[in-house]
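Student: Hi! Could you walk me through this one before class?
Tutor: Happy to, let's have a look together.

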Amino acid sequence: MVIVERLINELSKLPGIGRKSAMRLAFHLLNQSLDDLTDLSKAIIEVPMNIKECDICHNFMDKKDNVCSICSDNKRNKEKVVVISTVQDLMAIEEVGHYRGQYHVLHGLISPLKGIGIDDIRLDSLVERVKGESEIKEIIFALTPNTDGETTSIYLKNSIQKVNNNIKITQIAKGVPIGSEIEYVDKMTLMKAIENRT
Amino acid sequence: MFLKNIKINNFRNIQNEDINFSKNINIIYGDNGNGKTNLLESIYYTTSLKPIKKKHKLIHLINENSKASIIKSTFENNDYKEIIKIAITPEKKALIYNQNNNTNIQSYLHKFKSVLFTPDDLMIIKGEPQKRRDFFNKAIFHLNQYYYSNLIEYNKILKTRNKILKDIAEGDKRQLAILEIINEQFTDISLKIYQNRINYLINYIPILINTVNQLSKKDFLPYLIYKTDFNYKNRDDFLSKLKSKQKREILYKRTLTGPHFDDYKIITNDKEIKFFGSQGEIRLFTLAMKIAHIIYVKETTNNYPILLLDDISSELDSNRKEFLFNFLKTIDSQIFITTTAINHIPKLENMDFLEIKNGKTNWK
């Protein structure tokens, strides 16, 4: 049973999986055929073997390419960069399809309480991107509106302005979600929405 | 709004009671150890989701012969009913408000307000500054629901700031840039908290002075001073004071100043009552502080909170008891009073008497 215990331990390291869920998953896997399990483990192991971070924007990409599909797309606007904390956030914006500029994925937010410092996420490479004769004209922060998000965007703003003073720095708007009913909107959001009315 | 009915299951020594209350004055009497305060606490718990004694844990609230406790209460608000169910297990408590178990706690607590008077209230004046901050934090929250969000945010930024100071003290100099940013956030949230506190005090202090003078035959010149290191109106001043302390803070690895260090000083005739007041004077002031808050709540929201008086009449001399009960007579609030003997309490109209014996209740 030591082997099963090891599997449970490994599974419970995944986000959102506690020990109970890990046990359920482990015993489910025990009942699968060897073929199915081989497919699953192949799918998992192929991720690090074939995927890497884009050198420019840190989006995930195929190892055999030079830059990611967004950075290499010449039809996209090169002057705007949206800064997000995760690749999931990037995918959410891409799914909308409206934004046709560049991205920069930080892979986290500065969070002193969680021990995430300035060297742990991809901050310096964004500052590098805007240095000197850069094509970039605007940086748009689309970070979670909490203390960590705010700390990260202020830090980046300060660092960017030190190396390039001509860049416009903006932040996505805070307000009432479209289609929602005013009475159910969180009070803090409603207050912000009234403050930032257009 | 008033508490019409409460059904209590295994809450402290009360095993199974179903009680209808009057919307006026409910006197709960019985000998010590029979559960008067426990009954009062079940109401306090419903309106604050906290035990009366801060250090009591959930398990202390549950009857020793049981594994869980349930309090179900029905409030009547003009012509509609509010039904609240609170389930307590040793691990956690659950609130079900009008059959919804996803209630925003902050707006719930803002809606169901109560003010508790206990013999321990003396500590608000005699105790450490934390006791006064707790009293005023709750009072300000009664009038401004968002004040708690501010406090929660403040505590988070404070924690972050302490962690950064510790990192820097332990040699991580890169965190200095982050500290600059956190200082700005710390300043903004601190100024917000000051603003809330000062707004409250501006209206509260005149009511307090008035109440003290009515309560006392002596000529008091009472005043309340908010004690802080900062000029709370000036952002630049705050920020530069904060920076001036930075070296020391890095040495101590924590924040050494801010709203969580401030105090409320109560002064009479130029002396701080905490140090110079007699026991009787301190008692008078704590009573006045609570009554003044109740008057302020009424003036602002047009509603009285529910008043819970735990064995307060035995603590007060006859003059103050008379004043308190004259005050209670004038207000249109639901009131619960516990006492060991009915004759400790001046007779008023609209009083109903509930006897409690071994956790069992009986209307008389």
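Tutor: We'll talk about where the chains touch and then about empty space inside.

Tutor: First, this is a predicted model, where local features need pLDDT of at least 70 and side-chain atom pairs count only at pLDDT 80 or more, while totals for chains, interfaces and linings use all residues. Residues are numbered from 1 along each chain as its sequence is written, chains are lettered from A and ligands numbered from 1 in the order in which they are written, and side-chain values use heavy atoms, with hydrogens and water left out.

Student: Cool. How many residues does each chain bring to the contact?
Tutor: Chain A brings 14 residues and chain B brings 14 residues, where contact means heavy atoms within 4.5 Å.

Student: And what area is buried between chain A and chain B?
Tutor: About 1,500 Å², with 69% of that given by carbon and sulfur atoms. Buried area is the accessible area (1.4 Å probe) that two parts lose on being put together, summed over both.

Student: Which residues in chain A lose the most area to chain B?
Tutor: They are A:Pro112, A:Leu113 and A:Thr147, together 38% of what that side buries.

Student: How many salt bridges does the rule find across the interface?
Tutor: It finds one across the interface of chain A and chain B. A salt bridge joins B:Arg174 and A:Asp119 through their side chains, at 2.1 Å from N to O; the rule wants a side-chain nitrogen of Lys or Arg within 4 Å of a carboxyl oxygen of Asp or Glu.

Student: Which element gives the largest share of chain A's side?
Tutor: That's α6(A), with seven residues. Helices here are DSSP runs (H or I, at least four residues), numbered from the N terminus.

Student: New topic: how many cavities of 30 Å³ or more are there?
Tutor: The structure holds one. On a 1 Å grid over the protein atoms alone, a cavity is a set of points where a 1.4 Å probe fits but cannot get out, and lining residues have an atom within 4 Å of a point.

Student: What lines the largest cavity?
Tutor: Residues of chain B, including B:Phe117, B:Arg283 and B:Leu316. Helix α11 (residues 279-301) of chain B gives the most to that lining, with three residues.

Conventions
On a 1 Å grid over the protein atoms alone, a cavity is a set of points where a 1.4 Å probe fits but cannot get out, and a pocket is an open set with protein on both sides within 12 Å along at least five of seven lines; lining residues have an atom within 4 Å of a point. Grid points are joined across faces, edges and corners, and a volume is the space filled by probe spheres set on the points. Helices (H or I, at least four residues) and strands (E, at least two) are DSSP runs, numbered from the N terminus.
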